[in-house]
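This report looks at charged side chains and at one strand with its partners. Keep the sequence and the 3D view open while reading.

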Amino acid sequence: LVHTLRSDSQLKAALGQVGGEWPMVVTLSSDLTPVGVEAQVDTLRVVQVAPEVFYEYIPETCVNLAFLDADQSVKVFAGSAPGKTMCAHKKSAVATTSCCNSGGSAMKIFCKYSGERVTYATNEDRCSDLGMETCGASVTSVDDSDCEGQVKYNQGSPKNNHHQWTSGSCTVKIKVRLDTMVALVHEPEIPGSVVKYVQNSVGNMNYFHVPWPTDDFQGDELFPNVDNECGEGTCLLQDDDTCLCEVAIANTQGFSSDAGVTQEGLLNTLKIGAFDPATLKNDSGADLYEAGAAVAGVSDITVYHTVASGNAYSE
């Protein structure tokens with residue numbers, strides 16, 4: 001999990017001693033130019049700056065959506081093949097670089113440092129550079145000799161699991177209980193043994209509340225359950241009296257113009273916070289967003305638009 005920083009690393013300099021003491025927390029105030037391995041990875045988890053001196057990267061708090069768009073969800077697995085399987089979002093750095101020869105099923109693991117995790121796109125690029133490809137859904141063996149310790153699954157400590165990317169499809173469904181609570185169910189292509197926290201079984205206890213529509217007259221929540229035949233057959237009744245349902249994701253635009261852009265309108269429509277637009281850059285380091293023209297009649301709201309969009313509200 002540790003990467004040792006080079007002597008010419010700007011990050012190493014930023015994590016240096018202050019008054020002869022190593023600070024417990026360091027907040028970076030500006031972008032740094034990466035060198036060596038720093039420029040080749042999606043994220044650094046733990047870095048070493050001196051003998052017995054280590055810093056862990058703590059990312060800004062971010063919202064991860066429970067449901068995945070079908071075209072962004074693929075199968076990953078942890079442990080030896082066929083492993084413990086589940087779904088992962090392609091844009092999340094949650095699995096290690098893992099490749100197969102063209103049409104093969106013998107997986108080879110590569111990494112820039114032990115415990116490295118990359119996005120699906122990075123995995124695709126690295127495999128291509130090696131003359132290989134991202135493995136398909138069926139993997140028969142895993143070789144981590146070039147990056148020891150990557151084949152790991154610990155049911156009792158999920159955060160320590162090391163997953164491997166595949167190009168296999170993966171569907172996210174929900175189980176609905178009689179108390180209206182729902183749990184995620186992952187259905188990977190060639191599932192093998194699904195991670196228990198997202199499998200369709202009584203072992204899946206990760207239930208949470210969702211806002212169901214209500215009856216106009218009695219105010220009761222309307223949801224699929226055993227009493228209404230799981231939504232009149234929309235979902236499938238399970239042995240534990242839950243309903244297993246497909247999930248459809250609809251992405252809609254909150255605003256298309258300045259109309260309705262008030263503090264109340266924003267809070268009622270937009271439910272997820274965002275990073276400061278000034279911190280969001282493209283691959284060349286240029287700003288992705290710029291402050292638009294003032295909203296008529298509103299003095300305390302700044303609307304940011306994509307650069308050179310002419311204040312257009314993009315989808």
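Arg177 and Asp179 form a salt bridge, with their closest N and O atoms 2.8 Å apart. The model is predicted. Arg177 counts as partly exposed at 25% relative accessibility. Asp179 is also partly exposed, with a relative accessible area of 40%.

**Salt bridges**

Side chains of opposite charge can pair when their charged atoms come close. In this model the count comes to 9 salt bridges. Three of the pairs, including Arg177 with Asp179, are set out in the table.

| Pair | N to O distance | Relative accessible area |
|---|---|---|
| Arg177 and Asp179 | 2.8 Å | Arg177 25%, Asp179 40% |
| Asp287 and Lys281 | 2.5 Å | Asp287 41%, Lys281 32% |
| Glu246 and Lys173 | 3.4 Å | Glu246 56%, Lys173 13% |

Which parts of the chain does the pair of Glu246 and Lys173 link? Glu246 and Lys173 meet in a salt bridge at 3.4 Å, N to O. This pair links distant parts of the chain, 73 residues apart. Glu246 sits in the loop between strand E15 (243–245) and helix H4 (263–269). Lys173 belongs to strand E10 (residues 163–176).

Is Lys173 buried or exposed? Lys173 has a relative accessible area of 13%, which is under the 20% cut-off, so Lys173 counts as buried. Glu246 has 56%, which is over the 50% cut-off, so Glu246 counts as exposed. This bridge therefore joins a buried lysine, Lys173, to an exposed glutamate, Glu246.

The side chains of Asp287 and Lys281 meet at 2.5 Å, N to O. Asp287 counts as partly exposed at 41% relative accessibility. Lys281, at 32%, counts as partly exposed too.

Salt bridges also link Lys108, Asp143 and Asp146 in a network. Lys108 returns below, in the account of the strands.

**Strand E6 and its partners**

How many residues of strand E6 are buried? Strand E6 spans residues 95–100, and 6 of its 6 residues are buried. The strand is mostly covered.

E6 pairs with E10 in the parallel sense, over 2 bridges. Ala95 stands opposite His163 in E10. E10 is also the strand that holds Lys173.

E6 runs antiparallel to strand E7 (residues 106–110), and 3 bridges join them. Cys99 stands opposite Lys108 in E7. This is the Lys108 of the salt-bridge network with Asp143 and Asp146. E6 and E7 form a hairpin, with 5 residues between them. Gly103 lies in the turn and has a positive phi of about 75 degrees.

E6 also pairs with strand E8 (residues 133–134), in the antiparallel sense and over 2 bridges. Here Cys100 stands opposite Glu133 in E8.

**A negative patch on the surface**

Glu133 also takes part in a negative surface patch. Glu124, Asp125 and Asp129 are its other members. Which element gives the most to this patch? Helix H2 (residues 120–129) does, with 3 residues.

Asp129 lies in helix H2. Why does Asp129 count as exposed? Its relative accessible area is 69%, which is over the 50% cut-off, so Asp129 falls in the exposed class. Glu133 ties the two topics together: Glu133 belongs to the patch, and Glu133 faces Cys100 of E6 from strand E8.

Key
Residues numbered from 1 in each chain as written. Predicted model: local features only at pLDDT ≥ 70, side-chain atom pairs only at ≥ 80, totals over all residues. Heavy atoms only, no water. Patch = residues over 30% accessible without salt bridge, like charges linked within 9 Å, V, L, I, M, F, W, Y side chains within 5 Å. Areas by Shrake-Rupley, 256 points an atom, 1.4 Å probe, with all protein chains shown as cover. Salt bridge = Lys/Arg side-chain N within 4 Å of Asp/Glu carboxyl O. Lys, Arg positive; Asp, Glu negative; His and termini not counted. Charge placed at Lys NZ, Arg CZ, Asp CG, Glu CD. Helix = DSSP H or I, 4+ residues; strand = E, 2+ residues; numbered from the N terminus. Buried < 20%, exposed > 50% of the residue type's maximum accessible area, 1.4 Å probe, protein only. Pairing = 2+ DSSP bridges.
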